[in-house]
Structures are given as C-alpha cells and as structure tokens.
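Student: I have a new structure to look at, and I would like to learn how to read it. Could you take me through some features step by step?

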Amino acid sequence: MLDRFKACDAEKAQTLLDSAEKSIEEVKAFLSGGHWAAADIATETLHKATTELCLLAHAKREHDRLQNLARKLQQKNIAAEVIKCYSTLSI
C-alpha cells in the first residue's frame, strides 16, 4: 500500500492510514453506542485523513508522470530532468 506514495511521504502516509483505521473503529463504537455527535466528529477526522492520503498519492502520480516524461525526452536526445520534487510534508 505504501508504494502509492513517494518515499519521503511514506511515514506520513502510514500515520494517516493508522489514523483512518482508528477513526473507523471509533465511528463503529460510537454508532453502536448511540453517540451520534461523537460519530460525526470521528467521521470528520476520517475524512481529513483520507483527503490527505489522496493528496499524497496524487503527488506521487504526478512526480512519476514527470519522471516518465523526462525519460522519454532523454531517449529522443532532449535534455530533460525532474529538478524539483515538491514535498507534501506540509499538507
């Protein structure tokens, strides 16, 4: 699962995955106990974690796309390289 994220983002992705799994368990517990407001708050936390995971995965796909483009241009003897990999650690 962590292969969907850049190496520099793998630790953050693992933390977010753990947070999402914890939130799912909390939502189940709150719903079974009839604590609707607490379940709502837990779903917001789950939504935030999954949104950040999607952003991290998108960043890797974009970076991979740029690396592939640079490689294809180099094969055609056009000097190209990905010179900047923006970190998503601030997400």
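Tutor: Gladly! Let us begin with exposure: a residue is called buried when its relative accessible area is under 20%, exposed when that is over 50%, and partly exposed in between. Keep in mind that what you see is a predicted model.

Student: How does Thr50 count by that scale?

Tutor: Thr50 has 31% relative accessibility, so Thr50 counts as partly exposed. You will find Thr50 in helix 2.

Student: Which distance separates the C-alpha atoms of Thr50 and Ser19?

Tutor: Those C-alpha atoms are 9.3 Å apart, while the two residues are 31 residues apart along the chain.

Student: Next, the nonpolar core. Which residues make up the largest one?

Tutor: The general idea is a set of buried residues of certain kinds joined through their side-chain atoms. Here the largest such core has ten residues: Phe5, Ala13, Leu16, Leu17, Ala20, Leu46, Ala49, Leu53, Leu56 and Ala57. Two elements each give two or more residues to this core, namely helix 1 (10-33) and helix 2 (36-75). Helix 2 supplies the largest share, with five residues.

Student: What does Phe5 touch, leaving out residues up to four places away in sequence?

Tutor: On that count, Phe5 is in contact with Ala13, Leu53, Leu56, Ala57 and Lys60. Four of these names will be familiar to you: Ala13, Leu53, Leu56 and Ala57 also belong to the core.

Student: Now the charged pairs. How many salt bridges does the structure hold?

Tutor: In a salt bridge, a side-chain nitrogen of Lys or Arg comes within 4 Å of a carboxyl oxygen of Asp or Glu. The structure holds four. One of them joins the side chains of Glu52 and Lys12, at 3.8 Å from N to O. Since Glu52 belongs to helix 2 and Lys12 to helix 1, this pair ties together parts that are 40 residues apart in sequence.

Student: Are Glu52 and Lys12 buried or exposed?

Tutor: Glu52 is buried, because its relative accessible area is 12%. Lys12 reaches 21%, so Lys12 counts as partly exposed.

Student: Where do Lys28 and Glu25 lie?

Tutor: Both are in helix 1, three residues apart, which is about one turn of the helix. Their side chains meet in a salt bridge of 3.9 Å, N to O. Lys28 counts as exposed at 51%, whereas Glu25 is partly exposed at 48%.

Student: And what separates Arg65 and Glu62?

Tutor: About one helical turn, because they are three residues apart in helix 2. Their side chains form a salt bridge with an N to O distance of 2.6 Å. Arg65 is partly exposed at 44% relative accessibility, and Glu62 is partly exposed as well, at 30%.

Student: One last feature: how many disulfides does a search of the whole structure find?

Tutor: In general, a disulfide is a covalent bond between the sulfur atoms of two cysteines. The search finds zero. Take Cys54, which is in no disulfide: the nearest cysteine sulfur, that of Cys8, is 17 Å away. To be counted, the two sulfur atoms would have to lie within 2.5 Å.

Student: How exposed are Cys8 and Cys54?

Tutor: Cys8 is partly exposed, with a relative accessible area of 41%. Cys54 has 52% relative accessibility, so Cys54 counts as exposed.

Methods. Residues are numbered from 1 along each chain as its sequence is written. This is a predicted model: local features need pLDDT of at least 70, side-chain atom pairs count only at pLDDT 80 or more; totals for chains, interfaces and linings use all residues. Side-chain values use heavy atoms; hydrogens and water are left out. A nonpolar core is a set of buried Ala, Val, Leu, Ile, Met, Phe, Trp, Tyr and Cys residues joined through side-chain atoms within 4.5 Å. Buried means under 20% relative accessible area, exposed over 50%, partly exposed in between (1.4 Å probe, protein chains only). Helices (H or I, at least four residues) and strands (E, at least two) are DSSP runs, numbered from the N terminus. Contact means heavy atoms within 4.5 Å.
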